[in-house]
Amino acid sequence: MNDSLTVRDNRTGQEYDVPIENGAVRGADLGKIKDGEGSPLAVYDPGFVNTASCKSAVTYIDGDQGILEYRGYPIEQLAEKSTFLEVAYLLVHGELPTKTQYETWVHDITYHTFVHENVKSFMEGFRYDAHPMGMLLASVGALSTFYPDARDINDDEIRQLQIVRMIAKMPTLGAWSFRHAQGKPFVYPDNELGYTANFLSMLFKMSEDRFAADERLVKALDVLFILHADHEQNCSTNAVRSIGSSQVDPYSAVAGGVAALYGPLHGGANEAVLRMLRRIGKKENVSDFIDGVKNGDERLMGFGHRVYKNYDPRAKIIKKACDDVFEVTGVNPLLEIAMELEKIALEDDYFVSRKLYPNVDFYSGLIYEAFQFPPEMFTVLFAIGRTPGWLAQWLELVQDKEQKIARPKQIYTGHRTLEFTPASERWA
Ligand code: ACO
């Protein structure tokens, strides 16, 4: 088989042989195809629906089969048998840790959970009703001013230190954003607790000596972090890579990732699922609601995915985690409606023929609500989970010799060479 594409440019009659590598042609090779005036051919691809921006060895997705793997390990096995910090190590370092490597990693992350006291004063300065995601994004970006050494992105030791710092400090910043909105004092990290138990302590501790979260809740949240840890070139990861390509420090790049995640099309669908379930109100109304979806009057939130054309593997795991959480917190009454919706939709030709299956957001909002998180916190939780993925992708980017500053082309549609008349004459 000849791995190339033969293209005939009908504008000039010229033929070109464009090499195909890894199932892709290089945009620069297409640029060698020129019109009669010498202008290179470009690819127009809003939303990058069919453009690979990088080579990556971090995460593999097969949307038709419903497969998700981090560094080659299936998500189901990681969720069942690993921990979030081990998965974070795997994503960042590319391999599972030895016992010593794991212990050092956990120790280092545990001992970097504290933030400078000035970060605390800075966060206290937000308005009383500030959105926690806005607070998180600003404070992650602000960390760059506390660690100016982070600008040396070519030094591996310095890079690794920032990675540890960021994975460690995200729960502190996330929990403090939550406490601020509640008017409660910030809780300092407790180095005797594991990563996720410590996060729950910083969120919910009041006057007790130590906040002892139920182990089943700790495990469920840890699993949710694992499920969100990476998802290859999604909107926020693309933002981190794009910003990182300017060789800025990783705090600024990750702040850009948090900003991208803040948007409702990316991190906010689980909140929309909860609103939808509340609107449906009871199991008996499900069938009418489904009719509304089929008539095009409604959208079944938490269903469908740009990449997955099969059951999202993360949704299956979350559904199982629901049982563990509800055993502790009591069943969320909306669960019954969600399960009925899923049952009907999975049997209905409208959804089957369009390959619409539950995605990660269909059940995650129900779990977060059971933890008593307000909806504004859902994306903060997502950001904490996604941080190791952003950093693994950033590390890959800064070490990739093929990468350049991200600078897409445009197709200019505006005016040209207009004559400027000064305001004093135009308004006379
Ligand atoms: N409910 C009803 N119909 C749907 C849904 C849905 N949730 N999703 C897609 N469809 C229909 C579309 O109307 C379209 O039908 P048509 O062929 O008759 O016009 C067909 O299925 C294909 O849908 P597209 O919109 O082309 O699919 P796309 O890949 O662009 O959209 C998306 C994917 C945005 C996720 C969509 O399925 C959706 O809006 N889902 C609900 C929101 C949601 O749950 N988002 C979370 C995604 S997961 C995440 O981001 C972490």
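This is a short guided tour of the structure you have open, stop by stop. The model is predicted, so treat each stop as a look at a computed picture.

**Stop 1: the cavity**

Start inside the protein. How many cavities of 30 Å³ or more does a search of the whole structure find? The search turns up one, and its volume is about 60 Å³. To see its walls, select Leu-85, Ile-109, Thr-110, Thr-113, Asp-190, Asn-191, Leu-193, Gly-194, Tyr-195 and Asn-198. Two elements give two or more residues to this lining: helix H4 (99-110) and helix H8 (195-204). Try colouring the lining by residue type. You will have four nonpolar residues, five polar ones and one charged one.

**Stop 2: a nonpolar patch on the surface**

Now move to the outside and select Leu-5, Ile-20 and Val-25. Together they form a nonpolar patch on the surface, with about 190 Å² of accessible area. Pause on Val-25, which you will find in the loop between strand S2 (14-19) and helix H1 (27-30). Is Val-25 buried or partly exposed? Its relative accessibility is 31%, so Val-25 counts as partly exposed.

**Stop 3: salt bridges**

The model has 21 salt bridges in its count, and three of them make good viewing here.

Select Arg-11 and Asp-9 to begin with. They form a salt bridge whose closest N and O atoms are 2.8 Å apart. Asp-9 counts as buried because its relative accessibility is 6%, and the cut-off for buried is under 20%.

Next, show the side chains of Lys-55 and Glu-402. They meet in a salt bridge at 3.7 Å, N to O. Lys-55 sits in the loop between H1 and strand S3 (59-62), while Glu-402 sits in the loop between helix H18 (378-399) and helix H19 (423-426), so this pair ties together parts that are 347 residues apart in sequence. Both ends are partly exposed: Lys-55 has a relative accessible area of 43%, and Glu-402 is at 44% relative accessibility.

Keep those two selected and add Glu-21 and Arg-26. Which residues are linked in a network of salt bridges here? The network joins Glu-21, Arg-26, Lys-55 and Glu-402.

For the last pair, go to Asp-214 and Arg-216. Their side chains meet in a salt bridge of 3.0 Å, N to O. Asp-214 is partly exposed, with a relative accessible area of 27%. Arg-216 also counts as partly exposed, at 37% relative accessibility.

**Stop 4: two distances to draw**

Finish with your viewer's distance tool. Select Val-164, which is found in helix H7 (residues 156-182). Val-164 counts as buried, because its relative accessibility is 9%. Draw a line from its C-alpha atom to that of Leu-261, 97 residues apart along the chain, and the separation is 21 Å.

Then select Glu-232, in the loop between helix H9 (215-228) and helix H10 (235-244). Glu-232 is partly exposed, with a relative accessible area of 27%. What separates the C-alpha atoms of Glu-232 and Tyr-70 in space? The two residues are 162 residues apart along the chain, and their C-alpha atoms are separated by 9.3 Å.

How values were computed:
Residues numbered from 1 in each chain as written. Predicted model: local features only at pLDDT ≥ 70, side-chain atom pairs only at ≥ 80, totals over all residues. Heavy atoms only, no water. 1 Å grid on protein atoms, 1.4 Å probe; cavity = no way out; pocket = protein on both sides within 12 Å on 5 of 7 lines; lining within 4 Å. Points joined across faces, edges and corners; volume = space filled by probe spheres on them. Helix = DSSP H or I, 4+ residues; strand = E, 2+ residues; numbered from the N terminus. Nonpolar A, V, L, I, M, F, W, Y, C, P; charged D, E, K, R; others polar. Patch = residues over 30% accessible without salt bridge, like charges linked within 9 Å, V, L, I, M, F, W, Y side chains within 5 Å. Areas by Shrake-Rupley, 256 points an atom, 1.4 Å probe, with all protein chains shown as cover. Salt bridge = Lys/Arg side-chain N within 4 Å of Asp/Glu carboxyl O. Buried < 20%, exposed > 50% of the residue type's maximum accessible area, 1.4 Å probe, protein only.
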